[in-house]
Amino acid sequence: MTQNQLDEIRKAYESGDIERTRVLIQNALRQNPTPQLYRLAAEVARTEGQRAYFLEQAQKLESIQPGGSSEPNNLGSTTA
């Protein structure tokens, strides 16, 4: 995920446009799935089932990537 993508995701989230946030995260996941993106997706998941799935995917990727993910989600401290 590029910094520009992260900035765009953050702007959509902070403006309250959760649907746009979801679309941006989905597009970023298609290009380069990372634990950070899956954690972001979990924050804006539509259901608890989706949230659990996204967190599981993040954990799976962290377990196969050296050092895991130390990147914060960068969307802020509020939840959707």
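The following exercises, each with a worked solution, concern a predicted model of a single chain.

**Exercise 1. Determine the secondary structure of the chain and the order of its elements.**

Solution. Counting the elements gives four helices and zero strands, and reading along the sequence yields the pattern α-α-α-α. As for burial, 34% of the 80 residues of the chain count as buried. Turning to contacts with a sequence separation of 6 or more, one finds that residues 24 or more positions apart account for 51% of them.

**Exercise 2. Identify the largest nonpolar core and the elements that give two or more residues to this core.**

Solution. The largest nonpolar core comprises 19 residues, and those with the most contacts inside it are I25, L29, L37, Y38 and F54. The elements that supply two or more residues to this core are α1 (3-14), α2 (18-31), α3 (35-43) and α4 (48-64). To follow one of the core residues outward, take L29: when residues up to four places away in sequence are not counted, L29 touches T34, L37, Y38 and A41.

**Exercise 3. Establish how α3 and α4 pack, and which residues make the contact.**

Solution. The first step is geometric: the two helices pack at an angle of about 165°, and their axes lie 8 Å apart. Because an angle over 145 degrees counts as roughly antiparallel, α3 is roughly antiparallel to α4. The crossing of α3 and α4 is left-handed. The next step is to list the participants, which are P35, Y38, R39, A41 and A42 from α3, together with R51, F54, L55, Q57, A58, Q59, L61 and E62 from α4. Sorted by class, the contact of α3 with α4 has eight nonpolar, two polar and three charged residues.

**Exercise 4. Decide whether α3 is largely enclosed by the rest of the structure, or not, and state what covers its buried residues.**

Solution. Begin with the buried residues of α3, which are P35, Q36, L37, Y38, L40, A41, A42 and E43. Since eight of the nine residues of α3 are thus buried, the helix is largely enclosed by the rest of the structure. What covers these buried residues includes α1, α2 and α4.

**Exercise 5. Is Y38 buried or exposed, and with which residues is Y38 in contact?**

Solution. Y38 is found in helix α3, and its relative accessibility is 13%. The cut-off for buried is under 20%, so Y38 counts as buried. Leaving aside neighbours within four places in sequence, Y38 is in contact with L29, P33, F54, Q57, A58 and L61. For one of these partners the backbone separation can also be stated: the C-alpha atoms of Y38 and F54 are separated by 5.1 Å, although the two residues are 16 residues apart along the chain.

How values were computed. Residues are numbered from 1 along each chain as its sequence is written. This is a predicted model: local features need pLDDT of at least 70, side-chain atom pairs count only at pLDDT 80 or more; totals for chains, interfaces and linings use all residues. Side-chain values use heavy atoms; hydrogens and water are left out. A nonpolar core is a set of buried Ala, Val, Leu, Ile, Met, Phe, Trp, Tyr and Cys residues joined through side-chain atoms within 4.5 Å. Buried means under 20% relative accessible area, exposed over 50%, partly exposed in between (1.4 Å probe, protein chains only). Contact means heavy atoms within 4.5 Å. Axes are lines fitted to C-alpha atoms, for helices over the stretch in contact, and angles run from 0 to 180 degrees between N-to-C directions. Angles under 35 degrees count as roughly parallel, over 145 as roughly antiparallel, 65 to 115 as roughly perpendicular and the rest as oblique. A crossing is left-handed if the near helix is turned anticlockwise from the far one by less than a right angle, and right-handed if clockwise. Ala, Val, Leu, Ile, Met, Phe, Trp, Tyr, Cys and Pro count as nonpolar, Asp, Glu, Lys and Arg as charged, and the others, Gly among them, as polar.
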